[in-house]
Amino acid sequence: MTTHTSRGFGLAKFAARIVLFSFFIAGGAAYAQNLRLPSIIGDHMVLQAGQPVPIWGWAKPGETVTVRFAGQSAKAKAGADGRWTLSLKPLTATNQPSQLQVSADEKLVVSDVIVGEVWLASGQSNMEKPLGIQPGQQPTLNYQDELAKANYPDIRMFKVPKLKAGAPAADVKAQWVKCDPTSLDTIKFSAAAYYFGRQLHTTLKVPVGLIDSTWGGTLIEPWTVPAAYLATPSLAQFAKDHAAAPVRLRALELGQLHNAMIAPLAPFAIKGALWYQGESNLIDYGDGAIYADKMSALVQGWRALFNKDMAFYYVQIAPHLYHVVRPAQTVSPEAEPLLWEAQTASLRIPHTGMVVTTDLVDDLADIHPRNKKEVGERLARLALSKDYGQGGIVASGPTLRTMEVADDKAILSFDHVGAGLVAADGKPLNWFTIAGADGVFHPASASIEQDRVIVSSGWVAKPKVVRFAWDEAARPNFKNKDGLPALPFRTDNPFAAPATK
């Protein structure tokens, strides 16, 4: 879990392309005759603090609309299609409910509006997995006790229904609800998102709004705006071929979930997004390196819709016996590490961070690990550290920095050591392998010396390559003393091989 910045990702060119798609979001004539707001702007909502807050809707063409909230008043004129948009100045966080009033030739009142921090959570089944019972899955850990104490009226939840669309939709059918044991269970809200929001709320002492837009078993492609694929050289041909003859992706197509479940939420002000997906791309496509480009396209697309500077934090998929459970689709235990590597490479995208979950799996045959509390709280560590200026928070496990070779030993140095390096169970470090120039890997001995790890094997006289947790079954004990696991790596990583001395 860490953040990186690097070269630009062609945002200017991409933003120009995405304009071609934005007119679909404006809505159609069916909404042009009456004053109307999208569902995301509704009773019990949380508005984002500290940044401009867009408010939009539909009215009669040419009609002037006035919005009043928290002592502010702003006006906009509806266009020929009835769409109007305006922006409130940055607001201060408060749990004191207020009304948002919208008026033209009629008046709308949005009640019980509070101001705080708003986050969008998306992905497939591991983000979708609720705190309570989910058919076909084991429930999350301690779910009954956790549900019973989930009384947080200043955490508000917005659950987006599962829909697909060929073009960006104008709205979704959903509503904001206050968090309590009944609502949290009834709407089957994301457990990881709930734990994330709870940690923010209890730490920052401000309201939190959470948007759950998830669909189990989905690939990354349906969540991505097609224009972002066109703007990415390695993906552009796929997008062109898709435009000529739509490619079916598990009964979905490129952009269909983005159109139905993400685009209608924009331009609602949010602080950032949470993402937990990748299992389906590993199973269906065998994605390795290319997944990093797909992540880049996804992030660019969402930032163009919401906020070019918004945070984007994601979860590295958990260890799972893919090649055992799904031998016809995944034939190598190294397929998952290749996807891990691409997810790690995605940290090059500015203002991103990644949660590692190699220590959170109690059953390698279960693709839905039950410990979503730790997932959500690790995501919250990233946000609290990077977005809210909370000092003293270690937000990442050890990440490889350099490798030196001294005689028959490889000496590894790390960033994000926190309070120090440790074997979490007190036993020798495990899941390290080493190879010489012949490329044959052998199990290695590894020991911690201050903030370095010394790796060697009696079979390798001159180390050339070290790999750590390079197997789908890897549940290593290597962490920092702050409780965060080291990122899996290989020193022959084609993305970013560490310096070797």
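The following questions and answers walk through a predicted model of one protein.

Modeller: Residues are numbered from 1 along each chain as its sequence is written, and side-chain values use heavy atoms, with hydrogens and water left out. Because the model is predicted, local features need pLDDT of at least 70 and side-chain atom pairs count only at pLDDT 80 or more, while totals for chains, interfaces and linings use all residues.

Colleague: What radius of gyration does the protein have, and why does it agree with a compact globule?

Modeller: The radius of gyration is taken over C-alpha atoms, and the globule rule is 2.2 Å times the number of residues to the power 0.38. For 501 residues a compact globule would have a value near 23 Å, which agrees with the radius of gyration of the protein, 24 Å.

Colleague: How many helices and strands does the protein have?

Modeller: Helices (H or I, at least four residues) and strands (E, at least two) are DSSP runs, numbered from the N terminus. Counted in this way, the protein has 13 helices and 24 strands.

Colleague: Is W56 buried or exposed?

Modeller: W56 is placed in strand β2, residues 53-58, and, leaving aside neighbours within four places in sequence, it is in contact (heavy atoms within 4.5 Å) with residues including L37, W84, P267 and F268. Buried means under 20% relative accessible area, exposed over 50%, and partly exposed in between, with a 1.4 Å probe and protein chains only. Since the relative accessibility of W56 is 0%, W56 counts as buried.

Colleague: Which peptide bond is cis, with omega near 10 degrees?

Modeller: The bond leads into P267, a residue in the loop between α8 (256-262) and β11. Both A266 and P267 are among the residues in contact with W56. The cis peptide bond is the one from A266 to P267.

Colleague: Why is the pair of F158 and W176 called tilted?

Modeller: The structure holds 17 aromatic pairs, where rings of Phe, Tyr and Trp (its six-membered ring) pair if their centres lie within 6.5 Å, and planes under 30 degrees apart count as stacked, over 60 as edge-to-face and the rest as tilted. The centres of the F158 and W176 rings are 5.3 Å apart and their planes stand at 45 degrees, so the pair is tilted. This pair links distant parts of the chain, with F158 in strand β8 (residues 152-159) and W176 in strand β9 (residues 176-179), and their separation in sequence is 18 residues.

Colleague: How far apart in sequence are the parts that W275 and W302 tie together?

Modeller: W275 and W302 form an edge-to-face aromatic pair, 5.7 Å centre to centre with 90 degrees between the planes. Both W275 and W302 are buried. Because W275 lies in strand β11 (residues 272-276) and W302 in helix α10 (residues 290-305), the pair ties together parts whose distance in sequence is 27 residues.

Colleague: How many residues of helix α12 are buried?

Modeller: Helix α12 covers residues 335-345 and is mostly covered. Its buried residues, among them L339 and W340, pack against several elements, including α9 (279-285), α10 and β12 (311-315). Of its 11 residues, the number buried is nine.

Colleague: Is A469 buried or exposed?

Modeller: A469 lies in the loop between β21 (465-468) and β22 (478-480), and its phi is near 55 degrees, a positive value in a residue other than glycine. A70 also has a positive phi, of about 50 degrees, but A70 is exposed, with a relative accessible area of 54%. For A469 the relative accessible area is 0%, so A469 is buried.
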